[in-house]
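Subject: Structure for you to look at, with notes

Dear colleague,

I am passing on the structure we talked about, and below it you will find my notes on what turned up when I went through it. Please read them with the structure open beside you.

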Amino acid sequence: MTINPDDLINSILSSLSRVDYIKPEEIPDIDLYMDQVTTFMDTHMASTRRYENDKILTKTMINNYAKNDLLPPPVKKKYSKEHMLVMIFIYYFKSILSITDIQSLLNPITQKYFKGNPDFSIEQLYEEVFSLEETQVDSLKADILDKYNVSMRTFRDAPEEDQEFLHLFAFICMLSFDVYLKKQLIEKLIDTVPEFSPGKK
């Protein structure tokens, strides 16, 4: 095993600096057919793939989102800019949340703000949420670096030839524990989301 710990952590921290998201102005203002939606997502979210052949969104996924009330149905087989914004939320949530939890979280949003709410739009909501990402990167980097440094000090009594892997294992375990706890917190918060119908405050 040939892992250079410094190269590893520098690569991770560098990748965080490059994290980006689709800006609302990048999404066409005209409604799109399914093929145009999947092509747009594959092109603009290519950096989020783990493997080159991974699909961002497929026709089957999008149809299932509509059937499961995660996504408002298309109009005449076309998807609006608001549809696209909701799909981006779904894409990020689905890696950590169940379909039911995503429904609980997004249904109040789509019920209240989809289709041009005059007071507040899904586009405004999207911009506000994703702008928070920039404020989180530095603190996230510091936290990851702290966990990395702690993991490099573990398993001092283990055989020397095993320590490189065990340090990596410890680092992954610390990151996983952090994700596990945050997932538990997210689920508890979702359980507090009130159900409401359009217009209900």
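Which residues in α6 meet which residues in α7? Please keep in mind throughout that this is a predicted model. From α6 the contact involves Asp143, Ile144, Lys147, Tyr148, Val150 and Ser151, and from α7 it involves His167, Ala170, Phe171, Met174, Leu175 and Asp178. Sorted by class, the residues of this contact are 7 nonpolar, 2 polar and 3 charged.

Two packed helices are described by the angle between their axes and the distance between the axes. For α6, which spans residues 122-151, and α7, which spans residues 160-190, the angle is about 140 degrees and the axes lie 8 Å apart. That angle makes α6 oblique to α7, since only angles over 145 degrees count as roughly antiparallel. The crossing of these two helices, α6 and α7, is right-handed.

To put this pair in its setting, the protein chain contains 7 helices and 2 strands, and from the N terminus the elements follow the order α-β-α-α-β-α-α-α-α. The C-alpha atoms fill a box of roughly 65 × 35 × 30 Å along the principal axes. Of the 201 residues in the chain, 31% count as buried, and the chain exposes about 13100 Å², of which carbon and sulfur atoms supply 55%. If we take the contacts in the chain with a separation of 6 or more, 67% of them are accounted for by residues 24 or more positions apart.

The second helix pair I would point you to is α2 (residues 34-44) with α3 (residues 59-67), whose axes come within 10 Å and cross at roughly 110 degrees. The two helices, α2 and α3, are therefore roughly perpendicular to each other, and their crossing is right-handed. On the α2 side the contact is made by Met34, Asp35, Val37 and Thr38, and on the α3 side by Lys59, Ile62 and Asn63. By class, this contact of α2 with α3 has 3 nonpolar, 2 polar and 2 charged residues.

Helix α2 is also worth following for its buried residues, which are Met34, Val37, Thr38, Phe40, Met41 and Asp42. An α-helix has 3.6 residues a turn, so residues three or four places apart point the same way. The elements that cover the buried residues of α2 include β1 (32-33), α3, β2 and α4 (81-93). Met34, Val37 and Thr38 thus appear twice in these notes, being buried in α2 and also taking part in the contact with α3.

Finally, there are two backbone details in the loop between α3 and β2, where β2 covers residues 78-79. Most residues other than glycine have a negative phi, and most peptide bonds are trans. Asp69, which is found in this loop, has a positive phi of about 60 degrees although it is not a glycine. Lys77, which is found in the loop between α3 and β2 as well, has a phi near 65 degrees, again a positive value in a residue other than glycine. Asp69 counts as exposed because its relative accessibility is 51%, and Lys77 counts as exposed at 66%.

With best wishes

Notes:
Residues are numbered from 1 along each chain as its sequence is written. This is a predicted model: local features need pLDDT of at least 70, side-chain atom pairs count only at pLDDT 80 or more; totals for chains, interfaces and linings use all residues. Side-chain values use heavy atoms; hydrogens and water are left out. Axes are lines fitted to C-alpha atoms, for helices over the stretch in contact, and angles run from 0 to 180 degrees between N-to-C directions. Helices (H or I, at least four residues) and strands (E, at least two) are DSSP runs, numbered from the N terminus. Angles under 35 degrees count as roughly parallel, over 145 as roughly antiparallel, 65 to 115 as roughly perpendicular and the rest as oblique. A crossing is left-handed if the near helix is turned anticlockwise from the far one by less than a right angle, and right-handed if clockwise. Contact means heavy atoms within 4.5 Å. Ala, Val, Leu, Ile, Met, Phe, Trp, Tyr, Cys and Pro count as nonpolar, Asp, Glu, Lys and Arg as charged, and the others, Gly among them, as polar. Buried means under 20% relative accessible area, exposed over 50%, partly exposed in between (1.4 Å probe, protein chains only). Accessible areas come from the Shrake-Rupley method with a 1.4 Å probe; for residues, only the protein chains shown count as cover.
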